[in-house]
Amino acid sequence: MALPPVLRDRLRLPVIGSPLFIISNPDLVIAQCKAGIVGSFPALNARPISMLDEWLHRISEELAAWDRDHPDTPAAPFAVNHIVHKTNDRLEQDLELSTKWKAPVVITSLGAREDVNAAVHSYGGVVLHDVINDTFARKAIDKGADGLIPVAAGAGGHAGRLSPFAIVQELRQWFDGPIALSGAIANGASILAAQAMGADLAYVGSAFIATKEANADERYKAMIVESRADDIVYTNLFTGVHGNYLKPSILAAGLDPDNLPTSDASAMNFGSGGNSKAKAWRDIWGCGQGIGAIKDAPSAADLIARFSNEYEAAKAALEGKFALTHRHLALAAE
């Protein structure tokens, strides 16, 4: 599969740190990029909109300074996430700013638009669109997206229902462009597994919520470290779109996680709680099923270094298994 140079030549690990609503900030993005993975953030995290200009300025300048001082280990590119949905009344202004600063990668969610893709392409940027099934993926590529982010079952926040095996194999039947797989990826072995399934990159979010740079409540970080896959609840109550959330945070909001009503999908309200008084992201905390691998709250750089060591160890172990299998086959053939 062909990757554009911006995603091929500057990554030390095939990972995109996913944009985390409220949580992703310049500190986290810059730390991720310096450590060699794509750091990203939702444009809507910068409030008021003037702050988005400040964030993009700071990220661009600090990464450029890093590149000047570390020519042998340049920073990975950063990405901005735009919500392409009619409820986002900031989209046009946010897009103007990400175009002004020539964000190398733009991640689009909840809607695909040709004009948005054209704006990013006007300065040479790359558009990755997140999808939950093959139908939405085809629409995104038809409208000019460069790559896809299949958000599979088990991903944190808004997520689909399909197994990562199922969705990647369907996409690879017709699409040979960049794919970044999302869904319960929280260690180096699962990053390698994403590539083995046919993805180019892993899209990792929940593990970074517990890092030191993340703008997350300390109780949220502790809850992630203490929780397991069984502590994740899949519901559309809080925003109108199905997503995965931490069961203890639902209980703390006075709700029964085992008996949640269904929300009206037409009442999408990202970040303000949909039909529930409890607000998503503020009171109800999103998280993916991969959190069983998260045992502490390190810095982003330390977490990425751990991923890298695990990734290389998994590759070596896999190569060893293949070598052993080949020896057994050769002996059997004698």
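In this predicted model, helix H4 is followed by Lys102, a residue whose phi is positive, near 50°. The helix that precedes Lys102 spans residues 91-100, and its buried residues are Leu91, Asp94, Leu95, Leu97 and Ser98. Seen down the axis of H4, these buried residues fall within an arc of 160°, so they line one face of the helix. An α-helix has 3.6 residues a turn, so residues three or four places apart point the same way. The buried residues of H4 are covered by elements that include helix H3 (49-69), strand S3 (78-83) and helix H5 (114-121).

Strand S3 also belongs to an open sheet, which is formed by five strands in the order S2-S3-S4-S5-S6 with parallel pairing. At its edges lie strand S2 (39-42) and strand S6 (147-150), each of which pairs on one side only. From one strand to the next, the twist averages 25°.

Within this sheet, strand S4 and strand S5 pair in the parallel sense over four bridges, and Thr108 stands opposite His129 in S5. Helix H6 packs on the sheet, where it touches S5 and S6, and the direction of H6 makes about 155° with that of S6.

The table gives the residue ranges of some of these elements.

| Element | Residues |
|---|---|
| Strand S2 | residues 39-42 |
| Strand S3 | residues 78-83 |
| Strand S4 | residues 105-109 |
| Strand S5 | residues 126-131 |
| Strand S6 | residues 147-150 |
| Helix H6 | residues 134-142 |

Note on methods:
Residues numbered from 1 in each chain as written. Predicted model: local features only at pLDDT ≥ 70, side-chain atom pairs only at ≥ 80, totals over all residues. Heavy atoms only, no water. Buried < 20%, exposed > 50% of the residue type's maximum accessible area, 1.4 Å probe, protein only. Helix = DSSP H or I, 4+ residues; strand = E, 2+ residues; numbered from the N terminus. Arc of directions from axis to C-beta. Contact = heavy atoms within 4.5 Å. Pairing = 2+ DSSP bridges. Axes fitted to C-alpha atoms, helices over the stretch in contact; angles between N-to-C directions.
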